[in-house]
Amino acid sequence: TRDARVTEPLPGSRMVPSLRTQLGRGHDDEAENPAPRVLAGLSGPVKVPTQQQGVRVSRDAYLYPLKPGPAHAWHSYRRAKLLKEQGLRKLIRDGNGSSTSEVVITMGVTAGVIALHSATAFSLHKLATSRSAPSWAPAVAVVGASASVGAQCAFLLQALNHELSHAVERSWGTDSLFHRFKCFLGLALGVSGAALCHVPWAAYYFSGSHARHHRFAGSQRDVDADALFFLWHPPWRGWFTRLCWVSAAAVAVPLTYAASLVKYVAMDWRSNVKETRFYSMDILLTTGACFAVGRAGASYLMLSSFFSMGFLAHPLLGFWILQHLCVGGVQPTVSYYGSRLWNILTLNELLHVEHHDFSNLSWRYLPQLRELAPNYYEGSRVYTQRSIFSLVGAWLRQDDDRFSWDFGCRVRWGHAAPGWGDYTKQL
């Protein structure tokens, strides 16, 4: 139904159960995984809590099941263990992403990024219409600005839509007029920011699609891989071929998103009407924004958004291939612990293991998780990425045996949608 009061999604539906139901079950799908079988970051040998009693693993093991996963169960089991760590519950209370203080900070950052991105677009429009500027200056300025400040702004608008959606989803159902106004303002800022990108981020984040991803991560019900992330899994080798592929993929994201949405609308349009409305509104607002800033400004906005998705192997490509990288067939999510500045510039979105462990934790508090529970986030038991450039290089060359370009280890763990395994066998 439109209000998603059922406990399971309807066949052919992209919708998810209400957030209250999700939070009550800890983003875990007990029907699909009656006993979580995955564990990382143990302090010593443990018994397997399944029918395989007596089987033990070493301190350096990532997990211990014969049939692991899916990814959301991996995180659910980690979450249960992490909550026993001293000080962690206090951190979750203090860093609640839907608290008024955190939402206000995120809204302020969003407004600032929108202002900077819009001002740059209008400045380039002014430069293009200036008679005193050389004929080549606008083109050079557009490309240079979009590959640097523009790409960063476009990526941040995606990240801020992400953060605001988590806050709005947890506060929208309250009776408080203040909280409703807060949610409306967060939604308005998110939609405004998404209008400056070619990807309809507001449709994805505010319609429930991202909440579905968290609850069903790595399972057949997580359609993100089939709708979006196959774009970063090209079936061909060779760095030049993959460079061309990822450049085309960065442009095609809204088209593949639309194709997936149309597929589910055809099966059950009532359950997908909210996301369809968001998508249509997002595209209309983006078209209006491009007309408002002129040809040079529109070129800047679109190129910036392309680069933020990995166009021409821009370093921001690292986020899209890192987040649910399957490492060694045993770890479905990866975090980046290289430059602290790079994590700040991406609002800690590269700390993706932490985010899936506790999605209600504000982006400002994610680094503190590793400080409180280092055994779960670093060392020999959990792989962490130290260099974005080496990751992108390994992806282009496809020469690193540690990585399986398999979204959330779905294929390796046997939770991929029908047909997906045949496709990834080519990788």
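## A walk through the cross-links and cores

Arg397 has a relative accessible area of 49%, so it counts as partly exposed. This is a predicted model, and Arg397 is a handy place to start looking around it. Its partner is Asp399: the two form a salt bridge, with their closest N and O atoms 2.7 Å apart. Asp399 is partly exposed too, at 44% relative accessibility.

Between these two in the numbering comes Gln398, which has a positive phi of about 55 degrees although it is not a glycine. You'll find Gln398 in the loop between α17 and β4. Is Gln398 buried or exposed? With a relative accessibility of 13%, it counts as buried.

### Helix α17

Now step back into helix α17, which covers residues 388-397. Most of this helix is covered, with 7 of its 10 residues buried. The buried ones are Ile388, Leu391, Val392, Gly393, Ala394, Trp395 and Leu396. What does the covering? The elements over those buried residues include the helices α10 (239-267), α13 (317-322) and α14, along with β2 (335-336), β3 (384-385) and β4.

One of those covering elements, α14, spans residues 340-345 and is home to Ile344. Ile344 also shows up on the outside: together with Leu341 and Leu345, Ile344 makes a nonpolar surface patch of about 280 Å².

### The salt bridges

Side chains of opposite charge can pair when their charged atoms come close. How many salt bridges does the structure hold? There are 7, and the table picks out three of them, including the one we started with.

| Salt bridge | N to O distance |
|---|---|
| Arg397 and Asp399 | 2.7 Å |
| Arg78 and Asp357 | 2.9 Å |
| Asp226 and Arg410 | 3.1 Å |

Take Arg78 and Asp357, whose side chains meet at 2.9 Å. Arg78 sits in helix α2 (residues 71-82) and Asp357 in helix α15 (residues 352-357), so this pair ties together parts that are 279 residues apart in sequence. Arg78 is buried, at 0% relative accessibility, and Asp357 is buried at 0% as well.

Then there's the bridge between Asp226 and Arg410, at 3.1 Å from N to O. Asp226 belongs to helix α9 (residues 224-227) and Arg410 to helix α18, so here the parts tied together are 184 residues apart in sequence. Asp226 is partly exposed at 30% relative accessibility, whereas Arg410, at 0%, is buried.

### The disulfide and other cysteines

A disulfide is a covalent bond between the sulfur atoms of two cysteines. The structure holds 1 disulfide. Which cysteines form it? They are Cys326 and Cys409, with sulfur atoms 2.1 Å apart. The link is right-handed, with 105 degrees about the S-S bond. Cys326 lies in strand β1 (residues 326-327), while Cys409 is in the loop between β4 (403-404) and α18 (410-413), so the disulfide ties together parts that are 83 residues apart in sequence.

Both ends are tucked away: Cys326 is buried at 0% relative accessibility, and Cys409 is buried at 0% too. Cys409 has another feature to look for, a positive phi of about 60 degrees although it is not a glycine.

Why doesn't Cys153 bond with Cys197? The sulfur of Cys197 is the closest cysteine sulfur to that of Cys153, but at 9.4 Å it is too far for a bond. Cys153 is buried, with 3% relative accessibility. Cys290 counts as buried as well, because its relative accessible area of 18% is under the 20% cut-off.

### The nonpolar cores

Finally, look inside. The largest nonpolar core has 84 residues, and those with the most contacts inside it are Trp201, Trp232, Met309, Leu317 and Phe403. Which helix gives the largest share of this core? That is α5 (residues 137-171), which supplies 13 residues.

Zoom in on Trp201 to see who its neighbours are. Leaving aside residues up to four places away in sequence, Trp201 touches Gln158, Asn161, Ala194, Asp282, Met309 and Trp320. There is also a second, separate core of 19 residues. Among its members are Leu91, Tyr365, Leu369 and Cys409, and that last name brings us back to the disulfide, where Cys409 is paired with Cys326.

Terms used. Residues numbered from 1 in each chain as written. Predicted model: local features only at pLDDT ≥ 70, side-chain atom pairs only at ≥ 80, totals over all residues. Heavy atoms only, no water. Disulfide = S-S within 2.5 Å. Helix = DSSP H or I, 4+ residues; strand = E, 2+ residues; numbered from the N terminus. Buried < 20%, exposed > 50% of the residue type's maximum accessible area, 1.4 Å probe, protein only. Patch = residues over 30% accessible without salt bridge, like charges linked within 9 Å, V, L, I, M, F, W, Y side chains within 5 Å. Areas by Shrake-Rupley, 256 points an atom, 1.4 Å probe, with all protein chains shown as cover. Salt bridge = Lys/Arg side-chain N within 4 Å of Asp/Glu carboxyl O. Core = buried A, V, L, I, M, F, W, Y, C linked by side-chain atoms within 4.5 Å. Contact = heavy atoms within 4.5 Å.
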